[in-house]
Amino acid sequence: MDYKIKSGDTLSALAKRFNTDVDSLVKANPNITNKDLIYADATLNIPGSKDDFQAQGVSKGPDLTGGAQQTQGSQAVGDVPPGQVGDWIKQAMDILKANGVPTDKMNPQDIAKIIQHESSGNPNAINNWDSNAQKGTPSIGLMQTIQPTFDAYKLPGHDNIRNPVDNIIAGVRYSIERYGSVSNVPGIKGLNSGSGYVGY
């Protein structure tokens, strides 16, 4: 996964955020010659993020940068990606379907892309640096929901924000309520148009 360095970022803070260590970041980024000096707007390769989770592309296997190409209005369901994250997505989608959520509102490839960009597939990911965290409600879990949003969109019996299936359920329900479908989340539309992912 690539990360665009922001003003104020440090390798130690980024290592903590992405559940790695400074030495691994330096090793994955040979352009870094001084671990105490990184530059805003430079791109940082986050090691390991593609090893544990891959969103499956259409024609040539794994493709984390764009996944399946779709027309703007397409709401095709698509295949669930392979691996542990794909298993969690399938479990969450089965529960959502059983609770009346239409399958055409929750494309599993798009859910996978959101997860990859928000947490790199880490159900224990927590964002302790943005405006939500400063307000005391850090984004948590696979889809990086804040506790009030999670509480508003969780389903009964799925009350653990750190549980990957519960987090997907709440994140998908929020996405559908706010944007009409997971495929309409601004980050997904940005990826499909080539302008890049933005958080939701």
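Trainee: Why is Lys154 called partly exposed?

Mentor: The relative accessible area of Lys154 is 27%, and the partly exposed class lies between buried, which means under 20%, and exposed, which means over 50%, with a 1.4 Å probe and protein chains only; Lys154 therefore belongs to that middle class. By the same reading, Asp159 at 47% relative accessibility counts as partly exposed. The model is a predicted one, in which local features need pLDDT of at least 70 and side-chain atom pairs count only at pLDDT 80 or more, whereas totals for chains, interfaces and linings use all residues. Residues are numbered from 1 along each chain as its sequence is written, and side-chain values use heavy atoms, with hydrogens and water left out.

Trainee: What makes Asp159 and Lys154 a salt bridge?

Mentor: The closest N and O atoms of Asp159 and Lys154 are 3.6 Å apart, and a salt bridge requires a side-chain nitrogen of Lys or Arg within 4 Å of a carboxyl oxygen of Asp or Glu, so the pair qualifies. Salt bridges with shared partners also join Lys90, Asp94 and Lys97 into one network. By this rule the structure has six salt bridges.

Trainee: How do you know that Lys97 and Asp94 form a salt bridge, and where do these residues lie?

Mentor: Their closest N and O atoms are 3.7 Å apart, which meets the criterion. Both residues lie in helix α3 (residues 84-98), three residues apart, or about one turn of the helix; helices here are DSSP runs of H or I with at least four residues, strands are runs of E with at least two, and both are numbered from the N terminus. Lys97 has a relative accessible area of 40% and is therefore partly exposed, and Asp94, at 34%, is likewise partly exposed.

Trainee: Are Lys113 and Asp110 buried or exposed, and what makes them a salt bridge?

Mentor: Lys113 and Asp110 are both buried. Their closest N and O atoms are 3.4 Å apart, which satisfies the salt-bridge rule. Because they are three residues apart in helix α4 (residues 108-119), about one helical turn separates them.

Trainee: Why is no salt bridge assigned to Asp166?

Mentor: Lys and Arg count as positive and Asp and Glu as negative, while His and the chain ends are not counted. The nearest side chain of opposite charge to the buried Asp166 is that of Lys154, and it is 8.7 Å away, so the salt-bridge distance is not met.

Trainee: What does Asp166 touch, and what makes its approach to Asn160 a polar contact?

Mentor: Asp166, in helix α7 (residues 164-179), touches Phe150, His158, Asp159 and Asn160, not counting residues up to four places away in sequence; contact means heavy atoms within 4.5 Å. The backbone nitrogen of Asn160 lies 3.1 Å from a polar atom of the Asp166 side chain. A polar contact is a pair of N or O atoms within 3.5 Å, where within protein one must be able to donate a hydrogen and the other to accept it, and residues adjacent in sequence count only if both atoms are side-chain atoms.

Trainee: Why is Asp130 called buried, and which backbone nitrogens lie by its side chain?

Mentor: The relative accessible area of Asp130 is 17%, so Asp130 is buried. Asp130 lies in the loop between β3 (126-127) and α5 (131-134), and a polar atom of its side chain lies 3.1 Å from the backbone nitrogen of Asn132, while for the backbone nitrogen of Ala133 the distance is 3.0 Å.

Trainee: How many aromatic pairs are there, and what makes Tyr153 and Tyr174 one of a given type?

Mentor: There are two aromatic pairs. For Tyr153 and Tyr174 the ring centres are 5.5 Å apart and the planes stand at 75°, so the pair is edge-to-face; rings of Phe, Tyr and Trp (its six-membered ring) pair if their centres lie within 6.5 Å, with planes under 30 degrees apart counted as stacked, over 60 as edge-to-face and the rest as tilted. Tyr153 lies in helix α6 (residues 147-153) and Tyr174 in helix α7, so the pair ties together parts that are 21 residues apart in sequence. Tyr174 and Tyr179 form an edge-to-face pair as well, at 6.5 Å centre to centre and 90° between the planes. Ring pairs thus link Tyr153, Tyr174 and Tyr179 into a cluster.
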